[in-house]
Amino acid sequence: MNTDKIYAEQLANEYAPKDTSKVVALRKLDTKAKLPATVFTYSFGIIAALVTGVGMCLSMKVIGSGTAVMFVFGVIIGIVGLFGMGINYPVYKKMLKKGKQKYAFEIMELAKEISEN
């Protein structure tokens, strides 16, 4: 196996002008279908994890006054954060399904054109 040749071809492909082929258009459509669900899920998951952390800190007397009221408040906030983390994946699946349905026709038509050639 000639590794120099493989490396040279990879490098040449990297610097070659990119055409707007149907495969590139298909990838863009796929990204359009999936990106909103992915962005929302990461954002919501991070926020839910932070909320859970604040609740834990309150209940373990790391922040706050350390009273019984703050403990209960911290437990409630932690449960809200855990609930957010729990519903994150089902929400992602639902958003992904909607995104795929929105672009399904265009993706299927383009994929059909590509596979026929």
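These legends accompany close-up views of a predicted model.

**View 1. The whole chain: three helices and zero strands.**
Read along the sequence, the pattern is α-α-α. The radius of gyration is 24 Å, well over the 13 Å that the globule rule gives for 117 residues, so the protein is more spread out than a compact globule. Along the principal axes, the C-alpha trace spans about 70 × 40 × 25 Å. Of the 117 residues, 18% are buried. Contacts between residues at least 6 apart in sequence were also sorted by separation: 73% of them join residues at least 24 apart.

**View 2. The surface and its charges.**
The protein exposes about 9100 Å². Carbon and sulfur atoms supply 68% of that area. There are 15 positive and 9 negative charges. The mean positions of these two sets lie 15 Å apart.

**View 3. The largest nonpolar core, built from five residues.**
Its members are L29, A33, Y103, I107 and L110. Two elements, α2 (22-59) and α3 (68-116), each give two or more residues to this core. Helix α3 gives the most, with three residues.

**View 4. Y103 and its contacts.**
Y103 is a member of the largest nonpolar core. Leaving aside residues up to four places away in sequence, Y103 touches L29, K32 and A33. Of these partners, L29 and A33 also belong to the core.

**View 5. Q101, an exposed residue of helix α3.**
Q101 lies in helix α3. Its relative accessibility is 54%; the cut-off for exposed is over 50%, so Q101 counts as exposed. A33 is 68 residues away from Q101 in sequence. In space, the C-alpha atoms of Q101 and A33 are 8.3 Å apart. A33 itself is part of the largest nonpolar core.

**View 6. G84, a buried glycine in helix α3.**
G84 has a relative accessibility of 6%. Buried means under 20%, so G84 falls in that class. Not counting residues up to four places away in sequence, G84 touches F44 and A48. Along the chain, G84 and E106 are 22 residues apart. Their C-alpha atoms are separated by 33 Å.

**View 7. G53, a partly exposed glycine in helix α2.**
The place of G53 is in helix α2. Its relative accessible area is 25%. That value lies between the 20% and 50% cut-offs, so G53 counts as partly exposed. G53 and A111 are 58 residues apart in sequence. C-alpha to C-alpha, G53 and A111 are 45 Å apart in space.

**View 8. K61, in the loop between α2 and α3.**
Phi of K61 is near 65°. This is a positive value in a residue other than glycine. K61 has a relative accessibility of 58%, over the 50% cut-off, so K61 counts as exposed. The helices on either side of this loop are α2 and α3. Both of these helices give two or more residues to the largest nonpolar core.

Key: Residues are numbered from 1 along each chain as its sequence is written. This is a predicted model: local features need pLDDT of at least 70, side-chain atom pairs count only at pLDDT 80 or more; totals for chains, interfaces and linings use all residues. Side-chain values use heavy atoms; hydrogens and water are left out. A nonpolar core is a set of buried Ala, Val, Leu, Ile, Met, Phe, Trp, Tyr and Cys residues joined through side-chain atoms within 4.5 Å. Buried means under 20% relative accessible area, exposed over 50%, partly exposed in between (1.4 Å probe, protein chains only). Helices (H or I, at least four residues) and strands (E, at least two) are DSSP runs, numbered from the N terminus. Contact means heavy atoms within 4.5 Å. The radius of gyration is taken over C-alpha atoms; the globule rule is 2.2 Å times the number of residues to the power 0.38. Accessible areas come from the Shrake-Rupley method with a 1.4 Å probe; for residues, only the protein chains shown count as cover. Lys and Arg count as positive and Asp and Glu as negative; His and the chain ends are not counted. The place of a charge is taken as NZ of Lys, CZ of Arg, CG of Asp or CD of Glu.
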